[in-house]
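Visitor: I would like to learn how to read a fold like this one, beginning with a single pair of residues and working outwards. Could you take me through it step by step?

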Amino acid sequence: MVSPPGLQGLNVPAPNIGYFTPQHRQSPGSPVTLDASTPTLFTPLKIRDVTLRNRIVVAPMCQFSTAPEGPSIGALTDYHIATLGHFALKGAALVFVEATGVQPNGRISPYCPGLWDDAQIPGLKRVFDFVKSQGALAGIQLAHAGRKSSTAAPWVAGSTEHRKASLRVGKDQYGWPDDVVGPSGGIEQTWDGLGLQEEGGYWPPRALTHDEIKQLVGDWAKAAKRAVQAGADVIEIHAAHGYLINEFLSPVSNHRTDSYGGSFENRARLLLEIIDSIRKEIPAEMPLFLRVSSTEWLEDTEVGKKYGTWTVEDTIRLAKLLPEAGVDLLDVSSGGNHPTQTVSSFRTKDYQTKIAARIRKELKQSGVQLLIGAVGMITEAEQARDLVEADKLLSQEAKDAEDVTDAKDGKEPSADLLFIGRQFLREPEWVLRVAWKLGVDVAWPSQYLRVRFPRL
């Protein structure tokens with residue numbers, strides 16, 4: 001596609017996309033002028049052979065918006081282009097597709113995306129193509145929900161009819177109650193401990209066999225290969241929030257007596273095998289991220305005292321193994337593996353960023369080169385403030401975001417990347433607003449220049 005004479009260089013098409021969308025003259029969210037005064041938050045970061053235009057990442061966020069059956073089961077749609085594409089348009093450096101099942105029973109709900117079949121590649125590619133046309137990097141989080149699978153979308157579970165935090169779904173609602181799996185099985189291993197009681201929200205899992213574990217490792221690799229074919233720039237492994245890999249890591253949920261249970265080394269075996277299988281399938285220049293629950297918040301609980309628990313110290317021990325295994329960044333989250341955890345994952349305040357800072361510091365002192373991502377900076381409590389305080393709140397958000405990654409004036413940053421989730425749903429233009437509050441002149445999308453915030 002060629003621009004008419006006189007317009008060449010002013011309104012050229014974005015490359016590698018099958019329809020016209022203009023290429024921005026400067027990538028949105030990147031500083032107009034990069035110098036020593038630019039906050040680290042708005043400086044580029046190179047990881048292997050890809051470069052992020054700033055340090056702000058759209059975290060994977062479940063949307064429960066794919067078909068539950070038929071030829072388009074698990075495939076991304078125009079809805080995902082509209083949502084994820086908008087974050088890319090407004091300046092986020094890296095946009096992640098939500099937790100994507102590597103097997104059909106690895107989805108959280110029947111309405112979650114999957115990448116277990118080649119037929120799911122085209123939908124993912126369309127999303128990636130648009131995200132990349134806006135100057136962002138495209139990422140995908142590969143996952144298996146384990147014993148927390150075959151549940152309903154949260155707005156269904158929380159509806160007037162049900163009023164539950166989680167609602168298990170059966171075959172009549174496209175679920176798979178007989179194929180919910182975990183490292184250990186039995187009714188006592190149901191996530192909420194309620195088994196098949198009417199008020200329960202989860203199915204009892206069955207224990208994976210050794211052969212099924214080997215198949216699972218291979219399916220992670222195959223899903224990663226499909227992600228590469230779709231055009232992914234970054235892949236993240238989901239090993240947090242009580243999903244399958246987290247279940248294997250934790251002695252609370254892993255009661256196996258074979259080579260995948262018992263010791264730390266055995267409980268970490270599945271994860272390390274998955275990392276190895278993926279690293280062999282993806283290009284050497286492609287970054288590989290890992291999200292973990294750095295702690296289960298169970299140290300002082302009855303279940304933690306009975307079985308032991310996964311702690312920050314365990315995460316640090318694991319982190320030291322990751323660079324050699326081929327992981328480039330550790331995405332530090334927490335909780336989700338047991339309902340009696342003492343801290344809510346949705347009201348973490350700055351707990352997780354403090355944990356990220358501790359991990360980063362200890363790795364650096366040990367000479368381990370591993371990037372750290374922080375998530376959970378912004379809390380629900382803050383967002384509940386009256387709208388009249390919105391400007392004050394944004395100013396604090398901007399300062400907090402800067403502080404997490406700032407390495408200037410001898411300060412040690414808490415993390416190298418900032419993963420933002422729910423706030424992007426509220427404010428897709430969050431990157432541009434934070435830059436404005438910090439006094440950083442960043443590029444805006446070409447189509448939005450007429451409403452650009454005034455330069456400070």
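Guide: Let us begin with one pair of facing residues in this predicted model: Asp331 stands opposite Gly373 in β11. That pair belongs to a wider match, since β10 (329–333) and β11 pair in the parallel sense over four bridges.

Visitor: On the other side, which residue of β12 is the bridge partner of Gly373?

Guide: The bridge partner of Gly373 in β12 is Leu417, and for Ala374 the partner in β12 is Leu418. Strand β12 covers residues 417–420 and runs parallel to β11, to which three bridges join it.

Visitor: What does β12 pair with besides β11, and where does Val57 find its bridge partner?

Guide: Strand β3, residues 56–58, also runs parallel to β12 and is joined to it by three bridges; within that pairing, Val57 has Phe419 of β12 as its bridge partner.

Visitor: When the strands are followed from one to the next, what is the overall arrangement, and how many strands does it have?

Guide: The strands form a closed barrel of eight, in the order β3-β4-β5-β8-β9-β10-β11-β12, and the pairing is parallel. From one strand to the next, the twist averages 25°. Another part of the barrel can be read in the way we read β11: strand β5 (residues 137–143) and strand β8 (residues 234–239) run parallel and are joined by four bridges, with Ile140 standing opposite Ile235 in β8.

Visitor: Which helices should I look at around β5, and at what angles do they run?

Guide: Helix α2, residues 121–133, packs on the sheet and touches both β4 (94–101) and β5, its direction making about 145° with that of β5. Helix α4, residues 210–230, lies across β5 and β8 and runs at about 160° to β5.

Visitor: Returning to β11, how should I read the two faces of a strand, and are its residues buried or exposed?

Guide: The general idea is that in a regular strand the side chains alternate between the two faces of the sheet. In β11, Leu371, Gly373 and Val375 point one way while Ile372 and Ala374 point the other way, and all are buried. Because five of the five residues of β11 (residues 371–375) are buried, the strand is largely enclosed by the rest of the structure. Strand β12 is likewise covered on both faces, with Leu417 and Phe419 buried on one side and Leu418 and Ile420 buried on the other.

Visitor: Can the same reading be applied to a helix, and which residues of α9 are buried?

Guide: In a helix the general pattern is another one: an α-helix has 3.6 residues a turn, so residues three or four places apart point the same way. In α9, the buried residues are Val312, Asp314, Thr315, Ile316, Leu318 and Ala319. As six of the eight residues of α9 (residues 312–319) are buried, the helix is largely enclosed by the rest of the structure. What covers those buried residues includes the helices α6 (264–267), α7 (269–281), α10 (322–325) and α11 (351–365), together with the strands β9 (288–293) and β10.

Visitor: Where is Ser294, and why does it count as buried?

Guide: Ser294 is placed in the loop between β9 and α8 (302–307). Its relative accessibility is 0%, and it therefore counts as buried, the cut-off being under 20%. Leaving aside neighbours within four places in sequence, Ser294 is in contact with Val312 and Thr315, and also with Trp310, Thr311, Val332, Ser333, Ser334, Ile355 and Ile359.

Visitor: Turning to internal space, how many cavities of 30 Å³ or more are there, and what lines the largest cavity?

Guide: The count comes to three cavities of 30 Å³ or more, and the largest has a volume of about 70 Å³. Its lining consists of Met61, Gln63, His80, Thr83, Leu84, Phe87, Phe96, Val97, Glu98 and Leu425. The elements that give two or more residues to this lining are α1 (78–89) and β4, and the largest share, four residues, comes from α1. By class, the lining of the largest cavity divides into six nonpolar, three polar and one charged.

Visitor: And which element gives the largest share of the lining of the second largest cavity?

Guide: There the largest share, three residues, comes from β4. The second largest cavity has a volume of about 50 Å³, and the residues that line it include Ala99, Thr100, Arg107, Cys112, His144 and Tyr243.

Terms used
Residues are numbered from 1 along each chain as its sequence is written. This is a predicted model: local features need pLDDT of at least 70, side-chain atom pairs count only at pLDDT 80 or more; totals for chains, interfaces and linings use all residues. Side-chain values use heavy atoms; hydrogens and water are left out. Two strands pair if DSSP finds at least two bridges between them. Axes are lines fitted to C-alpha atoms, for helices over the stretch in contact, and angles run from 0 to 180 degrees between N-to-C directions. Contact means heavy atoms within 4.5 Å. Buried means under 20% relative accessible area, exposed over 50%, partly exposed in between (1.4 Å probe, protein chains only). On a 1 Å grid over the protein atoms alone, a cavity is a set of points where a 1.4 Å probe fits but cannot get out, and a pocket is an open set with protein on both sides within 12 Å along at least five of seven lines; lining residues have an atom within 4 Å of a point. Grid points are joined across faces, edges and corners, and a volume is the space filled by probe spheres set on the points. Ala, Val, Leu, Ile, Met, Phe, Trp, Tyr, Cys and Pro count as nonpolar, Asp, Glu, Lys and Arg as charged, and the others, Gly among them, as polar.
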